[in-house]
Amino acid sequence: MIAELLIGGRWRASRSGRVEEVRSPFDGSVVGTVPIAAVEDIEAAMQAAERGAATWRRTPAHERMQILHRAAGLADERSALIARTISAENGKTITEATLEASRSGDLIRLSAFEGTQLYGQTLPLDANRGTGFDKIGFTVRQPVGIVVAITPFNYPALLVLHKIAPALAAGNAVILKPARATPLTALALAACFVDAGLPDGVLSVLTGPGGELGDLLVSDSRVRKVSFTGSTGVGARIAARAGVKKLSLELGASCPVIVMPDADIELASSAVAAGGFANAGQVCISVQRVITHPAINGDFLDALVPKVKAIRTGDPASADTSMGTIISTSEAERVEKSIAAAARNGARILTGGERNGSVVEPTVVTDVDPASPFSQDELFGPAVAVSTAADWESAITQANGTAFGLAAGLFTADVAGAIRAMREIDAGNIHINWTPLWRADLMPYGGLKASGIGKEGPRSAVAEMTEEKTVVLHGRPW
């Protein structure tokens with residue numbers, strides 16, 4: 001069965017007539033077939049979005065919330081099917097996919113609530129010299145209009161919903177371009193909104209190659225907001241082509257974890273074993289760098305390595321598998337080469353490093369040069385690099401020593417040191433006594449430096465997907 005494009009809330013074939021197969025990264029089997037959108041499909045989606053945005057912004061917030069609540073209920077009902085789709089096209093374990101799918105309904109509900117909370121503020125105009133009590137000033141918020149959302153493969157449900165649910169809740173029309181590797185999850189979620197009664201024109205989903213579709217979408221002057229999650233390189237390309245419009249860019253990372261000598265080694269090693277290898281390390285906030293104090297480096301590695309060796313790879317559909325595949329064999333080969341290059345440059349592989357098809361064994365690499373590509377570049381794979389730092393100052397310097405600044409973690413019992421670290425580490429999210437791999441859907445989420453601009457999380461996203469206007473009511477001078 002060939003899926004269809006969603007153009008303004010209506011399912012239809014691509015104008016190009018072309019289709020492509022979506023294949024399992026585990027065994028290469030065909031999971032589904034989707035259309036390749038044509039230029040004519042983009043124009044049809046834009047025209048539909050113009051009409052939909054005009055309708056949706058005039059729909060009261062309580063009515064928008066009711067529709068989104070119905071969509072959330074459908075996402076709950078279809079959670080098991082969505083989970084199987086995620087696992088099949090993404091390669092993550094069915095356990096991880098089930099957890100991801102189970103959060104979908106709550107994320108939609110949270111967004112729906114935030115879309116009803118578009119408060120303004122009154123302005124004390126009489127505080128301005130020369131102004132009396134003859135004027136009243138206040139601010140109001142309104143939807144930006146048309147939002148383009150471009151999403152990655154690694155969390156094909158949650159990262160879609162973190163964009164489209166707040167955008168819809170705020171009263172915008174949305175055109176979604178999901179990752180080419182994982183379009184089926186996005187289409188299944190879009191069906192929940194359509195079946196919930198979303199008006200015509202408000203939501204479109206275009207599948208196909210990002211290079212061809214993305215430039216046309218982000219550069220269109222009718223689009224007022226672009227929300228993108230992906231690599232820093234593609235984010236820079238979008239920023240160069242988008243023109244004058246609002247941008248949210250959640251980009252690359254090389255997240256550090258500091259382990260100080262007073263840390264709970266069992267807690268730290270368990271957390272790193274989870275935070276470095278969830279979704280086969282294909283998470284922006286995955287643990288990539290561990291910075292240990294020399295006094296406990298050996299104890300930490302002794303605790304970590306057995307936990308990593310215990311991670312079971314295999315068929316993602318099996319409940320016995322604890323780590324799934326890389327998204328493609330070519331990406332797995334890239335990760336394998338990065339690990340091998342680190343070893344050639346003097347680092348030591350303590351466990352893992354082998355590849356079988358799209359599966360890379362969970363890997364721990366120690367004695368890693370903090371200036372090497374293995375630390376500096378985003379790996380996006382199941383390996384952690386361990387280096388040492390002798391004190392807080394050098395540990396914080398090393399944590400800040402990459403172009404990125406998405407998230408960081410640290411393990412310590414030293415409150416003063418933790419306070420210093422939270423003030424001095426340049427990262428958008430900092431976790432004390434845990435790794436960066438933790439996210440509550442309601443919290444602000446986004447990075448510093450080359451890790452991007454803007455914040456996600458429903459409250460933050462709703463604010464960024466609206467415009468603020470100042471209104472001044474002029475009376476007669478008293």
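This is a dialogue between a student and a tutor about reading features of a predicted model.

Student: Let me start with the cysteines: how many disulfides does the count come to?

Tutor: A disulfide is a covalent bond between the sulfur atoms of two cysteines. In this predicted model, the count comes to 0 disulfides. Cys255 is in no disulfide, and the nearest cysteine sulfur, which belongs to Cys284, lies 8.0 Å away.

Student: Why is the sulfur of Cys284 not bonded to that of Cys255?

Tutor: A pair of cysteine sulfur atoms has to lie within 2.5 Å to count as a disulfide, and because the sulfur of Cys284 is 8.0 Å from the closest cysteine sulfur, in Cys255, the two are too far apart for a bond.

Student: Are Cys255 and Cys284 buried or exposed?

Tutor: The word buried is used for a relative accessible area under 20%. Cys255 is buried because its relative accessible area is 1%, and Cys284 counts as buried as well, with a relative accessibility of 10%.

Student: Turning to sheets, in what order do the strands of the 7-stranded open sheet come, and how do they pair?

Tutor: Strands of a sheet pair through backbone hydrogen bonds, either parallel or antiparallel. Here the 7 strands follow the order β14-β17-β18-β13-β12-β20-β21, and the pairing is mixed. At the edges are β14 (348–351) and β21 (429–432), each of which pairs on one side only. Neighbouring strands of this sheet are turned against each other by 20° on average, if direction is ignored.

Student: Which strands pair with β18?

Tutor: Strand β13 (residues 287–292) pairs with β18 in the parallel sense over 4 bridges, and Ile291 has Ser387 in β18 as its bridge partner. Strand β17 (residues 363–366) also pairs with β18 in the parallel sense, over 4 bridges, with Val365 standing opposite Ala385. Strand β18 (residues 383–388) is largely enclosed by the rest of the structure, because 5 of its 6 residues are buried.

Student: And which strand does β12 pair with in the parallel sense over 3 bridges?

Tutor: Strand β12 (residues 255–259) pairs in this way with strand β20 (residues 407–411), where Gly409 is the bridge partner of Val257.

Student: What is the order of the open sheet of 3 strands?

Tutor: Its order is β5-β6-β24, and its pairing is antiparallel. The edge strands are β5 (122–123) and β24 (466–474), each pairing on one side only. Strand β6 (residues 135–143) is joined to β24 by 9 bridges, and the two run antiparallel; one bridge partner to look for is His474 in β24, which belongs to Lys135.

Student: How should I read the packing of two helices, and at what angle do α1 and α8 pack?

Tutor: It helps to look at the axes, then at the residues that meet. Helix α1 (residues 39–56) packs against helix α8 (residues 210–219) at an angle of about 30°, with the axes 11 Å apart, and the crossing is right-handed. Val39, Ile42 and Met46 in α1 meet Leu213, Leu216 and Leu217 in α8, and the residues of this contact divide into 6 nonpolar, no polar and no charged.

Student: Where is Ala53, and which residues is Ala53 in contact with beyond its neighbours within four places in sequence?

Tutor: Ala53 has its place in helix α1, and counts as buried because its relative accessibility is 10%. Leaving aside those neighbours, Ala53 is in contact with Gly145, Gly171 and Ala173. By contrast, the C-alpha atoms of Ala53 and Ile327, which are 274 residues apart along the chain, are separated by 35 Å.

Note on methods: Residues are numbered from 1 along each chain as its sequence is written. This is a predicted model: local features need pLDDT of at least 70, side-chain atom pairs count only at pLDDT 80 or more; totals for chains, interfaces and linings use all residues. Side-chain values use heavy atoms; hydrogens and water are left out. Buried means under 20% relative accessible area, exposed over 50%, partly exposed in between (1.4 Å probe, protein chains only). Axes are lines fitted to C-alpha atoms, for helices over the stretch in contact, and angles run from 0 to 180 degrees between N-to-C directions. A crossing is left-handed if the near helix is turned anticlockwise from the far one by less than a right angle, and right-handed if clockwise. Contact means heavy atoms within 4.5 Å. Ala, Val, Leu, Ile, Met, Phe, Trp, Tyr, Cys and Pro count as nonpolar, Asp, Glu, Lys and Arg as charged, and the others, Gly among them, as polar. Two strands pair if DSSP finds at least two bridges between them.
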